[in-house]
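Dear colleague,

I am passing on a structure that I have been looking through, and I would be glad if you could read my notes beside it. Please find it here, with what was found set out underneath.

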Amino acid sequence: MSAVPATTPTILTAPLLRCCLPIVSARPLVSGACPKAASRRSISCLVAVSTEVSSSSSEDAEGSDAESKVGARVRVNVPLKVYHVGKAPELDLCGMEGVIKQYAGLWKGKRISANLPFKVEFFVSVEGQSKPVKFFAHLKEDEFEYLPSD
């Protein structure tokens, strides 16, 4: 009868990513403790993360173009109703003028797929209020037209 050879545990490591694999060290973690027990207690979770953001020239051009649009006055030219303004329920934005406050198509220098990338600030006067109510709406570029600057 042949003897079954004893198997030794193998440690698998990837060159850039090692997650929750036991690290076998020559020295025990606690003095006087068994090396096998120390190797079972030490766990390392290392992940390679790159913080570099590489952007292409088209993304740079889009970012600078979007930055120039922030602050522009616009008029909504499509029938569009919003329901999130508490003081004016079911508000139709068609013909209203506002100011672009933010472009949400870029985030940390990278292009993201925002469905409604332009955040536009509007003011609407409401009965019983001395000041107009300010609210924001997210719009697509084909839902508004740019007004000439004063």
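Is glutamate 145 buried, partly exposed or exposed? In this predicted model, glutamate 145 has a relative accessibility of 32% and therefore counts as partly exposed, since that class lies between the buried limit of under 20% and the exposed limit of over 50%. Its side chain meets that of arginine 75 in a salt bridge, at 3.0 Å from N to O, and this pair links distant parts of the chain, with glutamate 145 in strand E11 and arginine 75 in strand E3, 70 residues apart. Arginine 75 is likewise partly exposed, at 28%.

The two strands belong to an open sheet of five, in the order E10-E9-E6-E3-E11, with antiparallel pairing; the edge strands are E10 (133-139) and E11 (144-146), each of which pairs on one side only. Between E3 (residues 73-76) and E11 there are three bridges, and valine 74 has tyrosine 146 as its bridge partner in E11.

The structure holds seven salt bridges, and glutamate 121, in strand E9, takes part in those to lysine 101, at 3.4 Å from N to O, and to lysine 134, where the closest N and O atoms are 3.8 Å apart. Glutamate 121 is buried, at 9% relative accessibility, whereas lysine 101, in strand E6, is partly exposed at 41%, and lysine 134, in strand E10, is partly exposed at 48%. Finally, salt bridges that share partners join Arg73, Arg75, Glu97 and Glu145 into one network.

With best wishes

Conventions. Residues are numbered from 1 along each chain as its sequence is written. This is a predicted model: local features need pLDDT of at least 70, side-chain atom pairs count only at pLDDT 80 or more; totals for chains, interfaces and linings use all residues. Side-chain values use heavy atoms; hydrogens and water are left out. Two strands pair if DSSP finds at least two bridges between them. Helices (H or I, at least four residues) and strands (E, at least two) are DSSP runs, numbered from the N terminus. A salt bridge is a side-chain nitrogen of Lys or Arg within 4 Å of a carboxyl oxygen of Asp or Glu. Buried means under 20% relative accessible area, exposed over 50%, partly exposed in between (1.4 Å probe, protein chains only).
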